[in-house]
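Q: I'd like a close look at one part of this protein, down to the individual side chains. Could you take me through it and show how it ties in with the rest of the chain?

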Amino acid sequence: QVQLVESGGGLVQAGGSLRLSCAASRSIFSFKSMGWYRQAPGKQREFVAGIFSGGTAYTADSVKGRFTISSDNAKNTLYLQMNSLSPEDTGIYYCKAVVFSTYSTTDYWGQGTQVTVSS
């Protein structure tokens, strides 16, 4: 079992920045991958950014150049640095971990943190 706890959300003006954190209940070093997703009101959850255990990171086109994903294995924490925020970035941001199990993988999700960008 893995518990994920997000933090760092809040209300920010357009053009501002926020840094989200996702603290895992155990070592993330052996996870297959971790990532950030978001869900705007009335819309489906969408991928934002992800990082593989080897360190390869990737971001959605909609946030490329503005958002940066990183991890700190020593702190068992995933981060999402969000710059140049716009109202379209408003939503609940979720952390996801993909963890190896005996014969496959298991997905774990955090409870989400609200990000609101005012115009």
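The part to look at here is strand β8, residues 77–82.

A: Let's start with the whole chain, then zoom in on the strand and work back out. Keep in mind that this is a predicted model.

The protein chain has zero helices and 11 strands, so to speak an unbroken run of β when you read along the sequence. Its radius of gyration is 14 Å, which agrees with the value near 14 Å that a compact globule of 119 residues would have. The C-alpha trace spans about 45 × 25 × 25 Å along its principal axes. Of the 119 residues, 43% count as buried. If you take the contacts between residues at least 6 apart in sequence, 55% of them join residues at least 24 apart.

Now to the strand. Thr77 lies in β8, which covers residues 77–82. Thr77 counts as buried because its relative accessibility is 9%, and the cut-off for buried is under 20%. Its side chain reaches the backbone oxygen of Lys75 at 2.8 Å. Leaving aside neighbours within four places in sequence, Thr77 is in contact with Ser21, Cys22, Ala23, Ile28, Ser70, Ser71 and Asp72.

Further along β8 you find Gln81. With a relative accessible area of 27%, Gln81 is partly exposed. Not counting residues up to four places away in sequence, Gln81 touches Ser17, Leu18, Arg19, Arg66, Phe67 and Thr68. The side chain of Gln81 also makes a polar contact of 2.9 Å with the side chain of Asn83. For a sense of scale, Gln81 and Gln1 sit 80 residues apart in sequence and 27 Å apart in space, C-alpha to C-alpha.

Then there's Met82. Once residues up to four places away in sequence are set aside, Met82 touches Gly16, Ser17, Leu18, Leu20, Arg66, Phe67, Tyr93 and Val115. Met82 is also one of the residues with the most contacts inside the largest nonpolar core, along with Leu4, Met34, Trp36, Leu80 and Tyr93. That core has 29 residues. Strand β8 supplies at least two residues of the core, and so does each of β3, β4, β5 (46–52), β7 (67–72), β9 and β11 (113–118). As a general point, nonpolar side chains in soluble globular proteins tend to be buried together.

One of the contacts of Thr77 leads straight to the disulfide. Cys22 is on the Thr77 contact list, and a disulfide joins Cys22 to Cys95, S to S 2.1 Å. The count for the model comes to one disulfide. Cys22 lies in strand β3 (residues 18–24) and Cys95 in strand β9 (residues 91–100), so the pair ties together parts that are 73 residues apart in sequence. The torsion about the S-S bond is about -75°, so the disulfide is left-handed. Both cysteines are buried.

Arg66 gives you another way out of the strand. Arg66 is touched by Gln81 and by Met82, and it belongs to a network of salt bridges with Arg38, Glu46 and Asp89. In general, side chains of opposite charge can pair when their charged atoms come close. Within that network, Asp89 forms a salt bridge with Arg38, the closest N and O atoms being 2.9 Å apart. Asp89 lies in the loop between β8 and β9 and Arg38 in strand β4 (residues 33–39), so the pair ties together parts that are 51 residues apart in sequence. Both ends are out of the way of solvent by the numbers: Asp89 is buried at a relative accessible area of 1%, and Arg38 is buried at 6%.

The count comes to five salt bridges, so here are two more of them for contrast. Asp107 forms a salt bridge with Lys96, the closest N and O atoms being 3.6 Å apart. Asp107 is in strand β10 (residues 105–109) and Lys96 in strand β9, 11 residues apart. Asp107 is partly exposed at 41% relative accessibility, whereas Lys96 is buried with a relative accessible area of 15%. The side chains of Lys64 and Asp61 also meet in a salt bridge, at 3.2 Å from N to O. Lys64 is partly exposed at 49%, and Asp61 counts as exposed at 68%.

Methods
Residues numbered from 1 in each chain as written. Predicted model: local features only at pLDDT ≥ 70, side-chain atom pairs only at ≥ 80, totals over all residues. Heavy atoms only, no water. Helix = DSSP H or I, 4+ residues; strand = E, 2+ residues; numbered from the N terminus. Buried < 20%, exposed > 50% of the residue type's maximum accessible area, 1.4 Å probe, protein only. Polar contact = N/O pair within 3.5 Å; in protein donor to acceptor, adjacent residues only side chain to side chain. Contact = heavy atoms within 4.5 Å. Disulfide = S-S within 2.5 Å. Salt bridge = Lys/Arg side-chain N within 4 Å of Asp/Glu carboxyl O. Core = buried A, V, L, I, M, F, W, Y, C linked by side-chain atoms within 4.5 Å. Rg over C-alpha atoms; globule rule 2.2 N^0.38 Å.
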